[in-house]
Amino acid sequence: HADEVFTSWGKETPHKFTKEQIEEVLKTLCETDDYGEILRAKGMLPSENGFIHFDYVPGESEIRDGSAEYTGKICVIGSELKEDALKELFGK
């Protein structure tokens, strides 16, 4: 069963991000397995001019401006996720 192999990690954050910071986070997820085997990451994060939405699957990512939410949200799905490392990565 997939729920026995895959786990998810999520976080809400009011921290503001730039597109460049999100690009760097997604690049890091793509280039290393220091955070577990990431199958998908998505979220909407506050920025200086509203919110930035992102989607990531290995080898492909998309970053776009989006509608505002009350706080930022992040969800990462994979196996053997290293939650402390993910908290630090997205804690910027």
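Q: What joins E2 to E3, and through how many residues?
A: In this predicted model, a hairpin of 2 residues makes the connection from E2 to E3.

Q: What makes E2 and E3 a strand pair?
A: Two strands pair if at least two bridges are found between them. E2 and E3 share 7 bridges in the antiparallel sense, and one of the bridge partnerships links Leu 45 with Ile 52 of E3. The pair therefore satisfies the definition.

Q: How do you know that E2 also pairs with E5?
A: The criterion is again at least two bridges. E2 and E5 (residues 72–79) have 7, in the antiparallel sense. Among the bridge partners, Met 44 is matched with Lys 73 of E5, and Arg 40 with Ile 77 of E5.

Q: Why are E1 and E4 called edge strands of the sheet?
A: The open sheet has 5 strands in the order E1-E5-E2-E3-E4, with antiparallel pairing. E1 (7–13) and E4 each have a single partner strand, so one side of each lacks a neighbour in the sheet. Neighbouring strands of this sheet are turned by 10° against each other on average, direction ignored.

Q: What makes the reach of H2 close to the expected one?
A: H2 (residues 19–31) has 13 residues, and the expectation at 1.5 Å a residue is 18 Å. The distance from its first C-alpha to its last is 18 Å, which is close to that expectation.

Q: Why are the buried residues of H2 said to line one face?
A: Ile 22, Val 25, Leu 26, Thr 28 and Leu 29 of H2 are buried. Seen down the axis of H2, the buried residues fall within an arc of 155°, so they line one face of the helix. The face turned away from this buried side carries the exposed residues Glu 20 and Glu 31.

Q: What covers the buried residues of H2?
A: The cover includes strands E2 (37–47), E3 (50–57) and E4 (60–66), together with helix H3 (83–89). H2 lies across E2, E3 and E4, and runs at about 15° to E3.

Q: How do you know that Cys 30 and Cys 75 form no disulfide?
A: A disulfide requires cysteine sulfur atoms within 2.5 Å. The sulfur of Cys 30 is 18 Å from that of Cys 75, its closest cysteine sulfur, and this is too far for a bond. Cys 75 is likewise in no disulfide, and the structure holds 0 disulfides.

Q: Why is Cys 75 called partly exposed?
A: Buried means under 20% relative accessible area and exposed means over 50%. Cys 75 has 23%, so the residue is partly exposed. Cys 30, with 46%, is also partly exposed.

Definitions and conventions:
Residues numbered from 1 in each chain as written. Predicted model: local features only at pLDDT ≥ 70, side-chain atom pairs only at ≥ 80, totals over all residues. Heavy atoms only, no water. Helix = DSSP H or I, 4+ residues; strand = E, 2+ residues; numbered from the N terminus. Expected span 1.5 Å × (residues − 1). Buried < 20%, exposed > 50% of the residue type's maximum accessible area, 1.4 Å probe, protein only. Arc of directions from axis to C-beta. Contact = heavy atoms within 4.5 Å. Axes fitted to C-alpha atoms, helices over the stretch in contact; angles between N-to-C directions.
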